[in-house]
Amino acid sequence: MAILSKDGKWKVNGTTIPTPSKDTTISHTNVTTSDSGRTQDGKMHITWVRTDVTTIALKYSFLTGAEVKALLDLIQGKTFTFTYYDNGVKTMNAYCGETSYTEHSYKLHTSEGGLYKDFSANIIEL
């Protein structure tokens with residue numbers, strides 16, 4: 001990986017990855033059973049399955065083809081430890097949902113496999 005800097009706060013299985021170059025969105029979800037909800041008397045009945053499941057929308061403005069390949073090799077079709085920054089460095093067990101990116105240019109960074117833009121990957125806590 002050649003273009004982006006690495007601050008050491010972002011890792012997959014201990015391998016440092018580039019520091020995200022765009023606003024990275026971190027969300028927390030609570031999972032309930034399908035029978036949770038309001039009854040006709042207006043009372044809420046919740047059966048918690050799990051609370052505070054973290055999802056990170058990892059984003060990069062530009063990556064070389066080599067950087068895209070290296071990231072995909074680390075996260076696609078696998079479970080892994082993911083270290084990230086959210087008001088401090090944290091690590092979670094995760095998998096990757098959807099990834100997307102756009103080819104920007106074959107002519108730029110040809111030795112690195114071209115240039116891609118708007119790379120995003122959804123990293124979801126196990």
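These legends describe close-up views of a predicted model.

**View 1. Strand β7 pairs with β1 and with β8.**
Strand β7 covers residues 79-85. With β1 it pairs in the antiparallel sense, over two bridges. Within β7, F82 is the bridge partner of V12. The pairing of β7 with β8 (residues 89-105) is also antiparallel and runs over seven bridges. Here F82 stands opposite M92 in β8. F82 is thus named in both pairings: with V12 and with M92.

**View 2. A hairpin joins β7 and β8.**
Three residues lie between the two strands of this hairpin. One residue in the turn is N87, whose phi is positive, at about 55°. Most residues other than glycine have a negative phi.

**View 3. N13 has a positive phi in the loop between β1 and β2.**
The loop joins β1 (11-12) to β2 (15-16), and N13 lies in it. Phi of N13 is near 50°, and the residue is not a glycine. N13 counts as partly exposed because its relative accessibility is 48%.

**View 4. D118 has a positive phi within a strand.**
D118 is placed in strand β9, which spans residues 115-125. Its phi is near 55°, again in a residue other than glycine. D118 has a relative accessible area of 35%, so it is partly exposed. In a regular strand the side chains alternate between the two faces of the sheet.

**View 5. F82 and Y84 form a stacked aromatic pair.**
A pair of aromatic rings is described by the distance of the centres and the angle of the planes. The search of the whole structure finds six aromatic pairs. One of them is F82 with Y84, which is stacked. The ring centres lie 6.1 Å apart, with 15° between the planes. F82 counts as buried because its relative accessibility is 0%. Y84 is buried too, with a relative accessible area of 5%.

**View 6. Y101 and Y116 meet edge-to-face.**
In this aromatic pair, the distance is 5.6 Å centre to centre. The planes stand at 80° to each other. Y101 lies in strand β8 and Y116 in strand β9, so the pair ties together parts that are 15 residues apart in sequence. The two rings belong to residues in separate exposure classes: Y101 is partly exposed at 36% relative accessibility, whereas Y116 is buried at 17%.

**View 7. Four aromatic residues form one cluster.**
The cluster consists of W10, F80, F82 and Y84. F82 and Y84 also make the stacked pair at 6.1 Å. F82 is the residue in β7 that bridges to V12, and its relative accessibility is 0%.

**View 8. K9 lies over the face of Y85.**
The distance from K9 to the ring centre of Y85 is 4.3 Å.

**View 9. M44, I46 and W48 form a nonpolar surface patch.**
Together the three residues have about 310 Å² of accessible area. M44 lies in strand β5, which covers residues 44-45. M44 is partly exposed, because its relative accessible area is 45%.

How values were computed. Residues are numbered from 1 along each chain as its sequence is written. This is a predicted model: local features need pLDDT of at least 70, side-chain atom pairs count only at pLDDT 80 or more; totals for chains, interfaces and linings use all residues. Side-chain values use heavy atoms; hydrogens and water are left out. Helices (H or I, at least four residues) and strands (E, at least two) are DSSP runs, numbered from the N terminus. Buried means under 20% relative accessible area, exposed over 50%, partly exposed in between (1.4 Å probe, protein chains only). Two strands pair if DSSP finds at least two bridges between them. Patches are made of residues with over 30% relative accessible area and no salt bridge: like charges are joined within 9 Å, nonpolar side chains (Val, Leu, Ile, Met, Phe, Trp, Tyr) within 5 Å. Accessible areas come from the Shrake-Rupley method with a 1.4 Å probe; for residues, only the protein chains shown count as cover. A salt bridge is a side-chain nitrogen of Lys or Arg within 4 Å of a carboxyl oxygen of Asp or Glu. Rings of Phe, Tyr and Trp (its six-membered ring) pair if their centres lie within 6.5 Å; planes under 30 degrees apart count as stacked, over 60 as edge-to-face and the rest as tilted. A charge sits over a ring if NZ of Lys or CZ of Arg is within 6 Å of the ring centre and within 35 degrees of the ring normal.
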